[in-house]
Amino acid sequence: VQTILSAKGYVIISASSGKQGFELAQQANPDLILCDMMMETIDSGMQAAEQIKKLNNDIPVFLLSSIADMTAATTQIRDLGFIGIIQKPVEPARLVSIVQSIIG
């Protein structure tokens with residue numbers, strides 16, 4: 001994901017945990033957040049998204065998940081703090097299309 005978006009000229013800041021992601025979101029005020037659902041614990045992504053949305057409800061947060069289709073079918077993702085889901089493995093053209101539609 002980082003390589004794909006960097007090649008298109010986007011500046012990427014990455015975090016290795018939900019806690020670090022939340023801290024970086026506070027510092028950097030990003031245009032978009034892509035958040036993996038399963039990080040250090042099974043629901044770390046959901047917890048990070050929830051905290052980020054409380055911090056700044058204007059930052060769009062997408063879920064990255066290998067079970068995105070199943071998650072979307074069984075869960076109201078907006079209730080979890082996400083505005084959309086990107087299925088892993090990530091299809092580069094779809095990823096770039098989503099990012100372009102959100103931030104240009």
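The legends below walk through several close-up views of this predicted model.

**View 1. Strand S1 and its two faces.** Let us start with strand S1, which spans residues 33-36. Which residues of the strand sit on the covered face, and which on the uncovered one? Ile33 and Cys35 make up the covered face, while Leu34 and Asp36 belong to the uncovered face.

**View 2. Strand S1 beside strand S2.** Here S1 is shown with strand S2, residues 61-65. The two strands run parallel, and four bridges join them. To find your way from one strand to the other, look for isoleucine 33, whose bridge partner in S2 is valine 61.

**View 3. A salt bridge within helix H2.** Two salt bridges turn up when the whole structure is searched, and this view shows the one between glutamate 23 and lysine 19. Their closest N and O atoms lie 3.4 Å apart. Both residues are in helix H2 (residues 18-28), and because they are four residues apart there, about one helical turn separates them. Are these two partners buried or exposed? Lysine 19 is exposed, with a relative accessible area of 59%, whereas glutamate 23 counts as partly exposed at 33%.

**View 4. A salt bridge between distant parts of the sequence.** In this view, lysine 88 pairs with aspartate 36 in a salt bridge, with 2.6 Å between the closest N and O atoms. Lysine 88 comes from the loop between strand S3 (84-87) and helix H5 (92-103), and aspartate 36 from strand S1, so the pair ties together parts that are 52 residues apart in sequence. Side chains of opposite charge can pair when their charged atoms come close. Lysine 88 counts as partly exposed, at 27% relative accessibility, and aspartate 36 is partly exposed too, with a relative accessible area of 23%. You have already met aspartate 36 on the uncovered face of S1.

**View 5. The peptide bond after lysine 88.** Stay with lysine 88 and follow the backbone to proline 89. What is the form of the peptide bond linking them? That bond is cis, with omega near 0 degrees. Proline 89 has its place in the loop between S3 and H5.

**View 6. Asparagine 29, between H2 and S1.** Our last stop is the loop between H2 and S1, where asparagine 29 is found. Although asparagine 29 is not a glycine, its phi is positive, at about 45 degrees. With 47% relative accessibility, asparagine 29 counts as partly exposed.

Methods:
Residues are numbered from 1 along each chain as its sequence is written. This is a predicted model: local features need pLDDT of at least 70, side-chain atom pairs count only at pLDDT 80 or more; totals for chains, interfaces and linings use all residues. Side-chain values use heavy atoms; hydrogens and water are left out. Buried means under 20% relative accessible area, exposed over 50%, partly exposed in between (1.4 Å probe, protein chains only). Two strands pair if DSSP finds at least two bridges between them. A salt bridge is a side-chain nitrogen of Lys or Arg within 4 Å of a carboxyl oxygen of Asp or Glu.
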